[in-house]
Amino acid sequence: MSASTSAEQAAPAAEPTSGRLRGAGYWSIILLGTLGLLMAINQTFNLELLGFKPLGNAYLYYLIGIFLAAAYIAFPAWKGASGKVSWYDWPLAATALVCAGYLGYHGLTMINMGWEYQAPTEATVLSGILLVLILEGVRRCGGWPLLFVALFFGTYPLYADSMPGFLWGNQYTLPEIIRAHVIGVESVIGIPMQVVAQLVIGFVVFGAALTATGGGEFFMQFATALMGKSRGGPAKVSVLSSGIMGSLSGSVISNILTTGPITIPTMKKTGYPAHYAGAVEACASTGGTLMPPVMGAVAFIMASFLGVPYAEIMIAAFLPALLFYLALIFQVDIYAARRGLKGLPESEIPNLWETLKDGWPYLLALFMLIYMLLVMRLEAYAPYYATVVLLGISMFKRNHRLNLKRALAFMQDLTTSVANLVAILAGIGLVVGGLSYTGVAGAFSRELLLYADGSIPLMLAAGAITSFVLGMGMTVSACYIFLSILLAPALVNAGLNPLASHLFILYWGMLSYITPPVSLAAITAAGVAGAKAGRTGVYAMRLGGILFILPFLFVINPSLILQGDISKILTSAFTAITAIWLLSSAMEGYLYRIGVLAWPARILVLVAGGVLIYPDLLTDLIGFGLVAAIYLSSRFLNFPAATVGGAR
């Protein structure tokens, strides 16, 4: 499993190949990663190792140079070059180091002397070269669509004064826009890169350490011990284990490729069709990037944009993520109940106590991480402390000890994950900078408010469609950052909760992972399951259908993101859980204590779940009244059950 907290995550092309990272390429990655990690620790804890203390923006440039160089070594220019590091990758990596190193060396001078507006010729030239290298890094790690987006918005200031209406903006010359993007603080080294440098690297370290010491195997065993024996147990194990590992890694695709080869064959063995097993794994892995405590890099970026502690994002995301996983558990359980599927044999179920006894260091490190995030609010330090505790305790357990082989795997995983993240987010910074420097972002939000004419449903529908479409061709981080600048201000100005508005954008950007025609998670899981990608995508969309509804729910009702009065939060949570159960029952055509539903009753259950979703006392009374009527008619009239097929 990749340790990336990024959820980026996007393109299969952004996966380094084992054949490429051999020999000089492998050791270069290890060396660059070690250097980058030491620099991050030195900066975070202000250690001044060997008297080294980057001033101004120097730290950001040094990190960009190190990990952009690593990206050129780890990720091929095209698929045909994946067998080994090509000859041209070495000078490109060296050039990235030289250009970023020069800017880092002058990090304080450029601030004091205002190089963003007037810089020495060599600074402008080297900035231009670095800009080109960043764009190529975006292409390698994020794909062509993201490159086109970064290139369009990055160059927008060159012709912004020729654009009509609200698209008009301030114009820059080529040298001016190069300096603004690379030396200025709102583009390449803007908020996305600052978040990576200050926060995300620590969480990538924690995820890599968890993987290197066998955390993936423990959480799989733990999920199996808890749910493996129950009805449809293998599917529930997939949901639970992928949710836990996804929440810690933040990477959808690597989560599927790690847990899928174990969970999918087990599901198939107990009676789940291949396409259904693939769909379950795809949805569970996708939801992991929305599940606290770690989530993905985008959650840290969101905290910076909103100016709130990351703990607030964690708390707000908890209940929606829980509702999503409850929906998956309900559906796979109901599916198993309707078809009479059993759990795993007793012989294949690990003992829960023995599992906990062997894997308690992982739980301790995880609880320590959560405590430091939520209670102590040590966001920058928490993952490092948790990693030290995990590695320290693991040294006393032979099966989990970080030996030399595991340490090298840890460093390789860490380096490629951060390199992918830095390459993509440096390019996304061009989008932020282009919109910021021209002033188009504010004009777009005002225009959207004007066109919507105060209609919040219209704005939410437009936002959902835009987020979904952009999510097809961009990483989740890119989609979120783009819309947080253009769309989120309009939603907030319309009176919606700021945190709910930003989560709304994030959730809808994630949907392309499980929704055809893109459905990258479903396609990946279908490959593991040996199923048809299209059919797996359709079932993944059905299983993850709650993701289409949840964003609208917590925008309309912020109590679902744990904001407001505690009594309202509890009431909203109860009705939402009931609604999800009913919707799951309607989709699978089976209701607990009744059995297989006839179509009229199935529609009635769907209506009951639908009205309960809307946060209002009247709709709650109608929904619970319909549920009561369904069960009473079952008891006295035998109405809801199907006349053919399926037992109670």
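**Exercise 1.** How are α22 and α25 oriented to each other, roughly parallel or roughly antiparallel?

*Solution.* This is a predicted model, in which local features need pLDDT of at least 70 and side-chain atom pairs count only at pLDDT 80 or more, while totals for chains, interfaces and linings use all residues. Residues are numbered from 1 along each chain as its sequence is written, and side-chain values use heavy atoms, with hydrogens and water left out.

Step 1: helix α22 (residues 498–510) packs with helix α25 (residues 546–556) at an angle of about 170°, and their axes are 9 Å apart. Helices here are DSSP runs (H or I, at least four residues), numbered from the N terminus.

Step 2: angles over 145 degrees count as roughly antiparallel, and α22 and α25 are therefore roughly antiparallel to each other.

Step 3: the contact (heavy atoms within 4.5 Å) is made by A500, L503, F504, Y507 and W508 of α22 together with residues of α25, among them L547, F548 and P551.

**Exercise 2.** Compare the expected span of helix α8 with the distance between its end C-alpha atoms, and then describe its kink and its burial.

*Solution.* Step 1: the expected span is 1.5 Å times one less than the number of residues, so the 22 residues of α8 (residues 191–212) should span 32 Å, and the 30 Å between the end C-alpha atoms agrees with this.

Step 2: a kink of about 50° is centred on V200, where the bend is the angle between axes fitted to the seven residues ending at a residue and the seven starting there.

Step 3: of the 22 residues of α8, 18 are buried, that is, under 20% relative accessible area with a 1.4 Å probe, protein chains only. After α8 comes G214, whose phi is positive, near 95°.

**Exercise 3.** Which helices do the buried residues of α23 pack against, and which residues does I264 touch?

*Solution.* Step 1: helix α23 (residues 520–529) is mostly covered, with seven of its 10 residues buried, including L520, T524 and A529.

Step 2: these buried residues pack against α11 (252–269), α12 (274–288) and α24 (533–543).

Step 3: I264 lies in helix α11 and is buried, with a relative accessible area of 0%. Not counting residues up to four places away in sequence, I264 touches A277, G278, E281, A525, V528 and A529.

Step 4: just after α23, G530 takes a positive phi of about 70°.

How values were computed. Helices (H or I, at least four residues) and strands (E, at least two) are DSSP runs, numbered from the N terminus. Buried means under 20% relative accessible area, exposed over 50%, partly exposed in between (1.4 Å probe, protein chains only). Axes are lines fitted to C-alpha atoms, for helices over the stretch in contact, and angles run from 0 to 180 degrees between N-to-C directions. Angles under 35 degrees count as roughly parallel, over 145 as roughly antiparallel, 65 to 115 as roughly perpendicular and the rest as oblique.
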